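I opened my notebook to go through this model one topic at a time. Pull up a stool and follow along.

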Amino acid sequence: MDLNFTEQERQFQHDVRQFLAEHLTPDIVEDTARNSSVFVEKDLALHWQAILVEKGWAVPQWPVAHGGTDWTPAQKYIFSRECYLAGAPMLIPLGLLMLAPVIMAFGSEEQKAEYLPKILSGEHYWCQGYSEPGAGSDLASLKLKAEADGDDYIVNGSKLWTTHAHLADHIFCLVRTSNSERPQQGISFLLVDMDSPGVTVEPILTMAGDHEVNQVFFDDVRVPQKNRIGEENKGWSYAKYLLEFERGGGFSAPRIQHELDRLRNMVEEAIKTVDNFDESGEIERRIARIDIDLKALEITELRILSAVSGGGNPGPESSILKLNTVRLEQAINELAVDVMGYRGLSMNPVAGGSPYREDFTASVVPRYLNNRAASIFGGSQEVQRNIIAKMVLGL
Ligand SMILES: Cc1cc2nc3c(=O)[nH]c(=O)nc-3n(C[C@H](O)[C@H](O)[C@H](O)COP(=O)(O)OP(=O)(O)OC[C@H]3O[C@@H](n4cnc5c(N)ncnc54)[C@H](O)[C@@H]3O)c2cc1C
């Protein structure tokens, strides 16, 4: 793979930089830097999404026919890298990068026409209803029941850990439509309007002090069967397809690079301002280790992107990306907390400190606490290792 940019690619990079200089305002960058949660604030993400939609650059990964770009893999990479390095927010992937590929691959023409434009415009804000009490790693044991009743299903049960369910107007759900075969064969993929009578959302507050996740209850919820994606009882394969995009559908390396750059700045600042700051070189060694692993992640992402650019899906290799993205992010979070030392205590929301200070260091401790969950959500690290062993290495 040739990693040197061509003349045209350098010109494209210049165009992206110019666009960002004009549209990525300092308040967007500051609000993004202050974020300590898995996703930035909904309003911030939708604001940036609207700016990108107007330019035609919101979903480079989508086919042109649905509003994507005809960019080469290198252009997609350059765009993503420039956005993150400039401090742009990440768009919320739930609809754009997780549900949309499933609708494009398995949805009917009516479903594509109905949902894709609303996902792109931000009119629909989606959440993911996969996990349940007792069904996380062992997802196939899920029980949320959908019984056919005329042209509808009647849905009963609950979903757990549903990120942003309290903000979403729609939820894509895995439901149990049959108990008669292997657990994987009785699952269907259903799109549900959160305003449907019988849907209630209960908040779950995390140790980071955030309200991000919820439990969603379904009590005799009537859902039209036309909201089912693909065939009844075949939802397991659509669900796995979506997980590949959740785990490896974008570029994490440039985002982590941005976090590492900020950490470097913090260390430089601490060396200048903090008495007896660690002078053993241990912190620099840990940064160098992260930097080396980050380069390996970047190359792996580019390799998978090249494979996917023909319109395919990321495949089980996406588990390699999820595993290493989280490993590096958490290493940066831990190192940042170590650099803050006792000064970080005033930023601990659990200890009553305020996370709301002007500079981004305010988000260090809340971010550390929030991101502990990254090794669980989207499939735990152990589960990713199992997938890599079985599906990638063939062990
Ligand atoms: C912050 C957060 C946000 C989330 N957001 C969503 C969301 O929006 N939508 C959604 O559907 N779900 C969401 N989840 C749920 C998430 O996908 C599950 O928590 C995850 O899949 C683990 O399932 P579990 O919690 O049932 O734990 P369990 O499956 O009970 O796992 C417990 C422990 O056992 C280990 N383990 C389990 N099975 C194996 C195995 N076979 N081999 C080795 N180790 C194993 C796991 O790695 C883990 O350490 C979220 C979770 C969190 C924490």
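**Around the ligand**

I began with residue classes: the shell around the ligand has eight nonpolar, 10 polar and one charged residue. Here Ala, Val, Leu, Ile, Met, Phe, Trp, Tyr, Cys and Pro count as nonpolar, Asp, Glu, Lys and Arg as charged, and the others, Gly among them, as polar.

A note to self on the source: this is a predicted model, in which local features need pLDDT of at least 70 and side-chain atom pairs count only at pLDDT 80 or more, while totals for chains, interfaces and linings use all residues. Numbering runs from 1 along each chain as its sequence is written.

I then looked up which residues are closest to the ligand. Tyr130, Gly136, Ser137, Thr163 and Ser380 are the closest of the 19 that surround the ligand, where near means a C-beta atom, placed from the backbone, within 6 Å. Two elements, β1 (126-129) and α12 (381-392), give two or more residues to this shell; helices (H or I, at least four residues) and strands (E, at least two) are DSSP runs, numbered from the N terminus. Domain 2 (125-234) and domain 3 (251-392) each provide at least three residues of the shell.

**Domains**

I wrote down the division of the chain: domain 1 (7-91), domain 2 (125-234) and domain 3 (251-392), with bounds from an automatic or database domain assignment. Between the C-alpha centres of domain 1 and domain 3 I read 21 Å.

How many residues of domain 1 are in contact with domain 3? I found 15, against 16 residues of domain 3, where contact means C-beta atoms, placed from the backbone, within 7 Å. On the domain 1 side, α2 (26-34) and α4 (73-85) each supply at least two residues, and α4 gives the most, with seven. That side of domain 1 has seven nonpolar, five polar and three charged residues.

**Helices packed on α10**

My next stop was α10 (residues 318-340), which packs with α9 (residues 282-308) at an angle of about 155°, the axes 10 Å apart. Axes are lines fitted to C-alpha atoms, for helices over the stretch in contact, and angles run from 0 to 180 degrees between N-to-C directions. I noted α9 as roughly antiparallel to α10 because of that angle; the cut-offs are under 35 degrees for roughly parallel, over 145 for roughly antiparallel, 65 to 115 for roughly perpendicular, and oblique for the rest. The contact includes Ile290 and Leu297 of α9 and Leu328 and Ile332 of α10. By class, I have 12 nonpolar, three polar and three charged residues there.

Then I turned to α8 (residues 253-273), which packs with α10 at about 15°, with axes 10 Å apart. The two are therefore roughly parallel. Among the contact residues are Leu260, Leu263 and Val267 of α8, and Leu328, Ile332 and Leu335 of α10. I listed 11 nonpolar, one polar and two charged residues for this contact.

Last came α11 (residues 364-371), whose axis lies 9 Å from that of α10, at an angle of about 145°. Among the residues that meet are Glu329, Asn333 and Val337 in α10, and Val364, Arg367 and Tyr368 in α11. The α10 and α11 contact has six nonpolar, three polar and three charged residues.

Technical notes: Contact = placed C-beta atoms within 7 Å.
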